[in-house]
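Please look over the following structure before reading on. The questions after it go from strands to loops and then to the ligand.

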Amino acid sequence: MTKPKILVTRKIADSAEEQLLKNFDVSLNKNDSPFSYDELVKKCNEYDGVVAASWDKFDKNFFDSMNGKLQIISSIAVGYDNINTEAAKNKKIVITNAPNVLNDAVAETTLLLMLGAARRAYEGLTLVKSNKWKDAKVDFTNFMVGQPLTGKTLGIIGMGRIGQIVAERVKGFGMKVIYYNRKKLSSDLERGAKYYENVNSMMPHCDFISVHCPATPETKNILNAEAIKLLPKHAIVINTSRGITVDDDALIDALEKKTIYAAGLDVFTNEPKLDERYLKLDNCFTLPHIGSATHETRAAMSMLAVKNIEAHFLKKNYPSRVV
Ligand code: GLV
């Protein structure tokens, strides 16, 4: 029997590439050179399965252009807002993602952003690295003085798997957790966190607010101008989900006018071409979408994507099928 042909669009972990080579006729991208959209469309028509990254765009036109050969797109990301799942379903192309194995890494990045934004790490780092510390006036009550996490309240929007881990981790800082989710969780999952039925009613009670929901039409700008206006002046906005969950104009306005204290952002609308107003804000601690970026996690995500490919062609249960 001829082996199914698998295209891997970007460099994935060596261990996952080796595993894939055991059962399939594989085209790897060892040099990690991205395909243009047109190349991706053309190539995908020559393969039975694709291991893809969140940077690859699979829109309606992509699926309309498929000639019937491609059976599965296995994404190495948890978020699949880059894939038109309805169009995939219509073409009977299976979509899988890579959830869960990145939960701890993203929770750690959330803590990094919370600490970085609250303790003014960007300003501190810039002062030291620019060698201007020696010229700075260091006074006890103002110099790089920020806010604590200890004893504060964190509001979580989207209490899924990552949100729940963040909730557990911040308890180590003595924080209280409140949350908004489409549905109230059972009390064993809630673990003492207080539920709010809508985002706006939760806002005034948040010292920190962190977004952990997927990007969908319903969650676009879930932190909108109205919600941001309801935050206390000392509030800190954290985002490790997707840029589109936060209204950029509203957040930037609040940071510029200091109607909130700070933001810590790992994700941006149109990243990496983010709104340049963010670059000028000292009270915005930014990272380049590295939520899941540990060697261990990226290897596990790569392997999970391979396991989904194996499940499809070796007729096993998919570890994580989307459609
Ligand atoms: C990262 O953002 C992912 O969706 O895996």
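## Strands, loops and a ligand

Q: Which residue in β5 stands opposite Ser 74?
A: In this predicted model, β4 and β5 run parallel and are joined by three bridges. Within β5, the residue that stands opposite Ser 74 is Thr 96.

Q: In which order do the five strands of the open sheet with β2 and β5 lie?
A: The pairing in this sheet is parallel, and its neighbouring strands are turned by 15° against each other on average, with direction ignored. The strands β2 (25–27) and β5 stand at the edges with a single partner strand each, so one side of each is left without a neighbour in the sheet. Read across the sheet, the order is β2-β1-β3-β4-β5.

Q: Which residue of β4 stands opposite Gly 49?
A: Gly 49 belongs to strand β3, which covers residues 49–52. Strand β1 (residues 5–8) is joined to β3 by three bridges in a parallel run, and there Gly 49 is the bridge partner of Ile 6. Strand β4 (residues 72–75) also pairs with β3 in the parallel sense, over four bridges, and in β4 the residue opposite Gly 49 is Ile 72.

Q: Are the residues of β3 that point one way and the other way buried or exposed?
A: Gly 49 and Val 51 point one way from the strand, while Val 50 and Ala 52 point the other way. Buried stands for a relative accessible area under 20%, and for the residues on both sides of β3 the answer is buried.

Q: Is Asp 48 buried or exposed?
A: Asp 48 lies in the loop between α2 (37–44) and β3, and its side chain reaches the backbone nitrogen of Lys 5 at 2.7 Å. Because its relative accessibility is 12%, and the cut-off for this class is under 20%, Asp 48 counts as buried.

Q: What is the order of the strands in the open sheet of seven strands?
A: The pairing in this sheet is parallel, and its edge strands, which each pair on one side only, are β8 (194–196) and β12 (284–286). Neighbouring strands are turned by 20° against each other on average, direction ignored. Starting from β8, the order is β8-β7-β6-β9-β10-β11-β12.

Q: Which residue in β10 stands opposite Ser 210?
A: Strand β9 (residues 208–211) and strand β10 (residues 236–239) run parallel and are joined by four bridges. Opposite Ser 210, in β10, stands Ile 238.

Q: Why does Asn 224 count as partly exposed?
A: Asn 224 lies in the loop between β9 and α10 (225–229). The class of partly exposed residues falls between the cut-offs of 20% and 50%, and Asn 224 belongs to this class because its relative accessible area is 28%.

Q: What is the phi of Asn 100?
A: Most residues other than glycine have a negative phi. Asn 100 lies in the loop between β5 (94–96) and α5 (103–118), and at 39% relative accessibility it counts as partly exposed. Although Asn 100 is not a glycine, its phi is positive, at about 70°.

Q: Where does Arg 191 lie?
A: Arg 191 is not a glycine, and yet it has a positive phi of about 45°. Its place is in the loop between α8 (187–190) and β8.

Q: Which residues does a cis peptide bond join?
A: Most peptide bonds are trans. Pro 272, in the loop between β11 (262–265) and β12, takes part in a cis bond with an omega of about 5°. The residues joined by this bond are Glu 271 and Pro 272.

Q: Which residue has a polar side-chain atom 2.7 Å from an oxygen atom of the ligand?
A: The ligand is surrounded by Ala 77, Val 78, Gly 79, Leu 102, Arg 242, His 289 and Met 301, a shell that divides into four nonpolar residues, two polar and one charged. Polar backbone atoms of Val 78 and Gly 79 each lie 2.8 Å from an oxygen atom of the ligand. The side-chain atom at 2.7 Å belongs to Arg 242.

Q: How much of the ligand's accessible area does the protein cover?
A: On its own, the ligand has 190 Å² of accessible area. The share of this area that the protein covers is 89%.

How values were computed: Residues numbered from 1 in each chain as written. Predicted model: local features only at pLDDT ≥ 70, side-chain atom pairs only at ≥ 80, totals over all residues. Heavy atoms only, no water. Buried < 20%, exposed > 50% of the residue type's maximum accessible area, 1.4 Å probe, protein only. Helix = DSSP H or I, 4+ residues; strand = E, 2+ residues; numbered from the N terminus. Pairing = 2+ DSSP bridges. Near = heavy atom within 4 Å. Polar contact = N/O pair within 3.5 Å; in protein donor to acceptor, adjacent residues only side chain to side chain. Areas by Shrake-Rupley, 256 points an atom, 1.4 Å probe, with all protein chains shown as cover. Nonpolar A, V, L, I, M, F, W, Y, C, P; charged D, E, K, R; others polar. Axes fitted to C-alpha atoms, helices over the stretch in contact; angles between N-to-C directions.
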